[in-house]
Amino acid sequence: QQTRDWFRCIGAEPMKKILLLMRQPFSQLQTAAYSVCGALASWRWGQEDMRSCPGFLEFLINSESVSGEELVYSRFEVISVLANSDTSQETLGAIFYTKIREQFSLGPYHVKARYVVEVENN
């Protein structure tokens, strides 16, 4: 309860503020934001806050949202905590939990392949 109260002192919509930090082009801010999320992911209320923040879980699941070794591991740490939590299947819902487990099983460096087809003009 005390951790939750402290987190709420950040202000209105604290997860939205953390998501904004995760989207900044500065790796130190991003790493710090992922560290906070890793700590919050172990709490049921933290998972509920992640789910209720529009776009948060989609951003987290998108492996293309991070670059650089430190950020890849920071993001994967959050994925790991959520994938191994006893409460995340219930709090995140079946669809997001399945995607989190899939990301966890693929590992930190997996990126979906993109296909590009070039057509030559004659």
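How does α2 pass α3, in a left-handed or a right-handed crossing? Left-handed, where the near helix is turned anticlockwise from the far one by less than a right angle (clockwise would make it right-handed).

Before you start clicking: this is a predicted model, so local features need pLDDT of at least 70 and side-chain atom pairs count only at pLDDT 80 or more, while totals for chains, interfaces and linings use all residues. Numbering runs from 1 along each chain as its sequence is written, and side-chain values use heavy atoms, with hydrogens and water left out.

**Stop 1: α2 against α3**

Select residues 14–22 for α2 and 27–40 for α3. Helices here are DSSP runs (H or I, at least four residues), numbered from the N terminus. The two axes come within 7 Å and cross at roughly 140°; each axis is a line fitted to C-alpha atoms over the stretch in contact, and angles run from 0 to 180 degrees between N-to-C directions. That makes the pair oblique, the class left over once you take out roughly parallel (under 35 degrees), roughly antiparallel (over 145) and roughly perpendicular (65 to 115).

Now show side chains. From α2 you want Met15, Ile18, Leu21 and Met22; from α3, Leu29, Gln30, Ala33, Tyr34, Val36, Cys37 and Leu40 make the contact, meaning heavy atoms within 4.5 Å. Color by class and you get ten nonpolar residues, one polar and no charged. For the coloring, Ala, Val, Leu, Ile, Met, Phe, Trp, Tyr, Cys and Pro are nonpolar, Asp, Glu, Lys and Arg are charged, and the others, Gly among them, are polar.

**Stop 2: α3 against α6**

Keep α3 and add α6, residues 69–83. These axes come within 9 Å and cross at roughly 15°, so α3 is roughly parallel to α6. The crossing of α3 past α6 is left-handed. On the α3 side pick Ser27, Gln30, Thr31, Tyr34, Cys37 and Gly38, which meet Glu70, Leu71, Ser74, Arg75, Val78 and Val81 of α6. The class split here is five nonpolar, five polar and two charged.

**Stop 3: the rings**

How many aromatic pairs does the ring rule give? Three, taking rings of Phe, Tyr and Trp (its six-membered ring) with centres within 6.5 Å; planes under 30 degrees apart are stacked, over 60 edge-to-face, and the rest tilted.

Stay on α6 and select Phe76, then Phe104 in α8 (residues 94–106); this pair ties together parts that are 28 residues apart in sequence. Their ring centres are 5.8 Å apart with planes at 5°, so the pair is stacked. Phe76 is buried at 14% relative accessibility, while Phe104 is partly exposed at 26%. The cut-offs are under 20% relative accessible area for buried, over 50% for exposed and partly exposed in between, using a 1.4 Å probe and protein chains only.

Next, Phe7, Trp43 and Trp45, which ring pairs link into a cluster. Trp43 and Trp45 are tilted, at 6.3 Å centre to centre and 35° between the planes. Trp43 is partly exposed at 38%, whereas Trp45 is buried at 8%.

**Stop 4: α4 and its cover**

Trp45 takes you into α4, residues 44–52, where Gly46, Gln47, Asp49 and Met50 are buried as well. Show what covers them: the cover includes α1, α2, α3, α5 (56–61), α6 and α7 (88–92).

**Last stop: Glu13**

Finish in the loop between α1 (2–8) and α2, at Glu13. Its phi is near 50°, a positive value in a residue other than glycine. Glu13 is exposed, with 52% relative accessible area.

Key:
Helix = DSSP H or I, 4+ residues; strand = E, 2+ residues; numbered from the N terminus.
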